[in-house]
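Trainee: I would like a close look at a single part, namely the aromatic ring pairs. Please explain how each is classified, and then comment on the backbone at a few individual positions.

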Amino acid sequence: MMANSLLLADVGGTRVRLRHITPEGEILNELAEIGSGVGDGTIRSLMEELRAVVQRPGVVPTDVPGGFHVVITSRGLSAGQDERDAIRQLAAFVKATRVTLVPDGVAAYIGCLGAKPGVVVTVGTGTIAVTVDYDGRARRLDGWGPQLGDVGSGYRVGLEGLKSACRWRDGSRGGSKMLRDEAVQAFGEIEVLAETLRPSSQLRSIARFAERVVAAARGGDVRAGQILDDAARELAELAIDAAALVTNEPSLPVVIGGGFVAAVPELAERVKAWCHENSDVVPLLVPGSPTLDGCRAIGTHGVPAPFATWVEEVQ
């Protein structure tokens, strides 16, 4: 039995998910909250948004006997002074006895495979792959953020959709009238799109446009379908490259999950088909995001050895 209640928080690029677990292991409450989108996308702003959600009346009890062990997962999570200040305010509000920070790729890996050898690719607003080899060594692929990586992610699909909208306006190849119309509906006139997507809001706004790209593909738009095909190829290549770093044996567990894959099953099927046609990798597609399950495992049993240096305690 756990000594404390657990408050688990998955702070993604577009939403916050919370889960409250009693010392007896019962899930008492679960909440999925769409992010406000007003932050600048930094870890500090994500932690401030988490604090704002938690502090709303009725979301989290503040009189839990023994206090909470809070386990937070988010992308590239490393706490500088600003982040620590926001986390400490959250901890004080819920009377936390302990706060553990877990990178989202690690939480997803533990939620899927524990510490067993394998590959877990997590696809949401961004993308990260984590591997564990047969010597118990963990490593990361991608997770470089929207400027340098995040292949096949919601952000990347949304960005390519908006590029196609702009190309239609220009009369260039690769343009889509349907995506142009969707962009106008979402953001206003194309001519001012670059200004509309100013840096303080562009990460979430662009990632959310992926929903419209998916809808256009389902509606038969050729360019939108090509964007999903390209995303699937990139994700499949990432999974194949990650698996090759561990072993050449096709029996290695390779898992692909995350919020974007869960929301777009046809993307998952495209990834599976690409792997089948081009490699021996047979990915297991997880219908959901396993990050909170990984946080629960850490809160209950501690951090598995391969990830001991990846997880941080905030004092």
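**Aromatic pairs and selected positions**

Mentor: Phe307 is a suitable starting point: its relative accessibility is 0%, so Phe307 counts as buried. (Buried means under 20% relative accessible area, exposed over 50%, and partly exposed in between, with a 1.4 Å probe and protein chains only.) This is a predicted model, in which local features need pLDDT of at least 70 and side-chain atom pairs count only at pLDDT 80 or more, while totals for chains, interfaces and linings use all residues. Residues are numbered from 1 along each chain as its sequence is written, and side-chain values use heavy atoms, with hydrogens and water left out.

A pair of aromatic rings is described by the distance of the centres and the angle of the planes. Rings of Phe, Tyr and Trp (its six-membered ring) pair if their centres lie within 6.5 Å; planes under 30 degrees apart count as stacked, over 60 as edge-to-face and the rest as tilted. A search of the whole structure finds 3 aromatic pairs. One of them joins Phe187 to Phe209; because the planes of these rings stand at 40°, with the centres 6.0 Å apart, the pair is classed as tilted. The two partners are 22 residues apart, and their pair links distant parts of the chain. Phe187 belongs to helix 5 (residues 177–187), whereas Phe209 belongs to helix 7 (residues 202–218). (Helices, H or I with at least four residues, and strands, E with at least two, are DSSP runs numbered from the N terminus.)

Both partners can be placed by their accessibility. Phe187 has a relative accessible area of 18%, and so it is buried. For Phe209 the value is 2%, which means that Phe209 is buried as well. The rings of Phe307 and Trp310 form an edge-to-face pair, because their planes meet at 85°, with the centres 5.8 Å apart. Phe307 was introduced above as buried at 0%; Trp310, by contrast, has a relative accessible area of 22% and is therefore partly exposed. This pair does not stand alone, as ring pairs link Tyr109, Phe307 and Trp310 into a cluster.

Another aromatic ring has a charged neighbour. The charged end of Arg140 is placed over the ring of Trp144, at 4.2 Å from the centre of that ring. (A charge sits over a ring if NZ of Lys or CZ of Arg is within 6 Å of the ring centre and within 35 degrees of the ring normal.)

Turning to the backbone, Asp142 has a positive phi of about 55°, although Asp142 is not a glycine. Asp142 is found in strand 8 (residues 138–142). Its relative accessibility is 8%, so Asp142 counts as buried. Lys95, likewise a residue other than glycine, has a positive phi near 55°. The position of Lys95 is in the loop between helix 2 (81–94) and strand 5 (96–103). With a relative accessibility of 51%, Lys95 counts as exposed. Thus one positive phi value is found in a strand, at Asp142, and another in a loop, at Lys95.

Two separations along the chain complete the account. Val11 is part of strand 1, and at 2% relative accessibility Val11 is counted as buried. From Val11 to Ile190 there are 179 residues in sequence, and their C-alpha atoms are 31 Å apart in space. Ala115 occupies the loop between helix 3 (104–113) and strand 6 (118–123). Since its relative accessible area is 38%, Ala115 is partly exposed. Ala115 and Asp133 are 18 residues apart along the chain, with 9.6 Å between their C-alpha atoms.

To return to the rings, the pair of Phe187 and Phe209 is tilted and connects helix 5 with helix 7. The pair of Phe307 and Trp310 is edge-to-face, and both of its members belong to the cluster that includes Tyr109.
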